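Biologist: I'm new to this one, so could you pick a single part and take a close look at it with me? Please start there and work outwards.

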Amino acid sequence: MCGICGKFSPNYLCQKCYLLLKKQAKFIIEKKQEDENYFENHLYIFQYQGIIRRAILNYKFKEESYLYLTFVNFLLKNDFFFENFKSYDTIIPVPISKKRKKERGYNQSLLIAKELVKQINQEKKTLNLCTDALEKMKNIVPQSTLDKENRLKNIQGVYKLKNKEQLENKKILLIDDIYTTGSTVRECAKVLQQVDVEKIDVFTIAKD
Ligand SMILES: [Zn+2]
């Protein structure tokens, strides 16, 4: 099934919707001030609006978990991003709390990260999916319900670093679904910076 229009399609994205997404796709790598953000680059595909916004909301809240295949299949058709993804050692999805996981049934960032690693490793065998380095210690008020200042406060001290040896000298790509103020990925990157990593970049499907 095509994740966008619902018609039958073997790759979760029909040709018509592929062209529709292609028109809206930006494939941007935005350089950040590392000292302020704790990471170097933000990679994203779309602006968070229109059909993209709708698809991500369905993905997150309407149990349409197969949409991760639509996004990943679309994304890996872009050679520029595909090559870029191959340059990392480790992919880390932003974790959700145990409570949220239980409610939703899946971590949307983990599904994307898993599929990315699976597909990229068909060419490059050494990309590592790391799910045991960051843990979200408590369930907090959803960031989407807060303004910028309160998002910052809300997220502080929420993530804990574990098994950090595996991250030493690694090029890390942190994955989340949407980037709004960046406070979530910034907090995760800050925690990851406790290790001597080579670099941290961030990838999200969309930027608000
Ligand atoms: Zn379609």
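Modeller: Let's take strand S7, which is mostly covered: eight of its nine residues are buried. Buried here is a matter of counting: a residue is buried if 20 or more other C-beta atoms lie within 10 Å of its own, exposed if 12 or fewer, and partly exposed in between, with C-beta atoms placed from the backbone. Helices (H or I, at least four residues) and strands (E, at least two) are DSSP runs, numbered from the N terminus.

A word on what you're looking at. This is a predicted model, so to speak of local features we ask for pLDDT of at least 70, and side-chain atom pairs count only at pLDDT 80 or more, while totals for chains, interfaces and linings use all residues. Residues are numbered from 1 along each chain as its sequence is written. As for pLDDT, that is the predictor's confidence in each residue, from 0 to 100. The chain has a mean of 92, with 100% of its residues at 70 or more. Among its elements, S3 has the highest mean (98) and helix H2 (residues 34-37) the lowest (84).

Back to S7, which covers residues 171-179 and runs parallel to strand S3 (residues 90-93), joined by four bridges. Two strands pair if DSSP finds at least two bridges between them. You can locate this pairing at Thr-90, whose bridge partner in S7 is Ile-172, and at Pro-93, which is matched with Ile-175.

S7 has another parallel partner: strand S8 (residues 199-207), with eight bridges between them. Ile-172 turns up again here, with Ile-200 as its bridge partner in S8. To get from S7 to S8, the chain passes through helix H9 (residues 183-192), and this β-α-β crossover is right-handed; in other words, with the strands pointing away from the viewer, the path from the first strand over the helix to the second runs clockwise.

H9 is mostly covered too, with eight of its ten residues buried. Among them are Thr-184, Arg-186, Glu-187 and Leu-192. The elements covering those buried residues include S7 and S8 themselves, along with H2, strand S5 (134-136), helix H8 (148-155) and strand S6 (159-161).

S8 is largely enclosed by the rest of the structure, because seven of its nine residues are buried. S8 also pairs with strand S2 (residues 41-47), in the parallel sense and over five bridges; there, His-42 stands opposite Val-202.

Put those strands together and you get an open sheet of six, in the order S1-S2-S8-S7-S3-S4, with mixed pairing. At the edges sit strand S1 (28-31) and strand S4 (128-129), each pairing on one side only.

S7 also matters when you look for the nonpolar core, meaning a set of buried Ala, Val, Leu, Ile, Met, Phe, Trp, Tyr and Cys residues joined through C-beta atoms within 7 Å. The largest one has 52 residues, and Ile-91, Leu-174 and Ile-175 have the most contacts inside it. Two residues are in contact if their C-beta atoms, placed from the backbone, lie within 7 Å. Leaving aside neighbours within four places in sequence, Ile-91 is in contact with residues including Leu-173, Ile-175, Ala-113 and Leu-127.

Just before S7 there's a loop from S6, and Asn-169 lies in it. Asn-169 isn't a glycine, yet its phi is positive, near 60 degrees. Most residues other than glycine have a negative phi. Asn-169 is exposed, since 10 other C-beta atoms lie within 10 Å. Tyr-38 has a positive phi as well, about 70 degrees, but it counts as buried because it has 20 C-beta neighbours inside 10 Å.

Finally, step back to the whole chain: nine helices and eight strands, with 36% of the 208 residues buried. Its C-alpha atoms fill a box of roughly 45 × 40 × 30 Å along the principal axes. Of the contacts with a separation of 6 or more, 71% are between residues 24 or more positions apart.
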